Amino acid sequence: MDNKIIIIEGCLAAGKSSFAEKLSRALKVPCLIKDTFKTALCSTVVMEDRKQSSRFSAITFDGMLYVAERLLEVGCPLIMEGNFAPAGVKDRDESDAIRRVLEKHQCEPLTFKFMGDTRVLHQRFVEQEESPERGQANRIGSAVSYEDFDMWCHNLDSFDLGGKVIRVDTTDFDRVDYEGMIETAERFMEGTER
């Protein structure tokens with residue numbers, strides 16, 4: 001398997017996007033970030049409600065998967081970031097869709113699974129929702145209870161593509177070994193770590 005993909009997935013507000021951008025710069029590898037991809041696709045669309053936003057999230061996933069497949073078929077490694085849903089969470093099993101693309105292109109995955117104390121992550125999420133940087137396309141648009149947020153996070157627990165999985169607790173960003181994670185990713189891309 002020569003093709004390589006790094007998946008950064010997990011809980012909302014766990015710092016996935018920031019790490020994906022940092023890792024992309026360090027590895028000089030293209031990165032597809034679900035929220036920014038959705039913002040780009042929907043820049044001229046007004047989201048009227050949560051249901052419409054969810055529909056555009058599904059469209060965003062399809063677009064990301066299309067781009068990922070085009071990159072993999074020419075041997076270009078990449079990073080994909082998002083809160084990708086396993087079976088039973090959404091209408092579509094996103095983990096199975098990704099897995100099928102990886103199998104088709106004989107691609108080896110490395111997954112960074114971001115998680116943490118969901119009470120801390122919920123507070124971050126509430127702050128992100130109020131931030132202008134969040135973008136209208138990615139806003140929930142209403143208050144999200146801790147119970148709902150916790151359920152959303154745990155709905156993602158069973159996401160699994162096979163390959164190596166590195167669990168990252170981002171309850172306290174200052175305690176995360178980002179440099180060590182980047183070194184692991186570099187060794188993975190070079191084929192020197194299994």
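The accessible surface of the protein comes to about 10,100 Å². Carbon and sulfur atoms account for 50% of that area. The model is predicted. Of its 194 residues, 48% are buried. The structure holds eleven salt bridges, and three of the pairs are described below, along with a patch of negative charge on the surface.

**Overall layout**

- The protein has seven helices and five strands.
- Along the sequence, these elements follow the pattern β-α-β-α-α-β-α-β-α-α-β-α.
- Contacts reach far along the chain: among those between residues at least 6 apart in sequence, 77% join residues at least 24 apart.

**The buried pair: glutamate 9 and lysine 113**

- Glutamate 9 lies in strand E1, which covers residues 3-10.
- Lysine 113 forms a salt bridge with glutamate 9, and the closest N and O atoms are 2.8 Å apart.
- This pair links distant parts of the chain, since lysine 113 sits in strand E4 (residues 107-115) and glutamate 9 in strand E1, 104 residues apart.
- Both lysine 113 and glutamate 9 are buried.
- The relative accessible area of glutamate 9 is 0%, so this residue counts as buried, the cut-off being under 20%.
- Beyond its neighbours within four places in sequence, glutamate 9 is in contact with Lys16, Gly82, Phe84, Thr111, Phe112, Lys113, Phe114, Leu156 and Phe159.
- Lys113, the salt-bridge partner, is thus also one of the residues on that contact list.

**A salt-bridge network: Glu69, Arg70, Glu73 and Lys104**

- Glutamate 69 and lysine 104 meet through their side chains in a salt bridge of 2.8 Å, N to O.
- That pair also links distant parts of the chain: glutamate 69 belongs to helix H3 (residues 50-73) and lysine 104 to helix H4 (residues 94-104), 35 residues apart.
- Glutamate 69 is buried because its relative accessible area is 13%.
- Lysine 104, in contrast, counts as exposed because its relative accessibility is 59%.
- Arginine 70 and glutamate 73 form another side-chain salt bridge, at 2.8 Å from N to O.
- These two residues are three apart in helix H3, so about one helical turn separates arginine 70 from glutamate 73.
- Arginine 70 has a relative accessible area of 27% and is therefore partly exposed.
- Glutamate 73 is partly exposed as well, because its relative accessibility is 44%.
- Salt bridges with shared partners join Glu69, Arg70, Glu73 and Lys104 into one network.

**Negative charge on the surface**

- Asp117, Asp169, Asp172 and Asp174 gather in a patch of negative charge on the surface.
- Aspartate 172 is placed in the loop between strand E5 (164-169) and helix H7 (178-190).
- Aspartate 172 has 34% relative accessibility and so counts as partly exposed.

**Points to keep in view**

- Glutamate 9 and lysine 113 pair between strands E1 and E4, with both residues buried.
- Glutamate 69 and lysine 104 pair between helices H3 and H4, with glutamate 69 buried and lysine 104 exposed.
- Arginine 70 and glutamate 73 pair within helix H3, and arginine 70 and glutamate 73 are each partly exposed.

Notes: Residues numbered from 1 in each chain as written. Predicted model: local features only at pLDDT ≥ 70, side-chain atom pairs only at ≥ 80, totals over all residues. Heavy atoms only, no water. Patch = residues over 30% accessible without salt bridge, like charges linked within 9 Å, V, L, I, M, F, W, Y side chains within 5 Å. Areas by Shrake-Rupley, 256 points an atom, 1.4 Å probe, with all protein chains shown as cover. Salt bridge = Lys/Arg side-chain N within 4 Å of Asp/Glu carboxyl O. Lys, Arg positive; Asp, Glu negative; His and termini not counted. Charge placed at Lys NZ, Arg CZ, Asp CG, Glu CD. Helix = DSSP H or I, 4+ residues; strand = E, 2+ residues; numbered from the N terminus. Buried < 20%, exposed > 50% of the residue type's maximum accessible area, 1.4 Å probe, protein only. Contact = heavy atoms within 4.5 Å.
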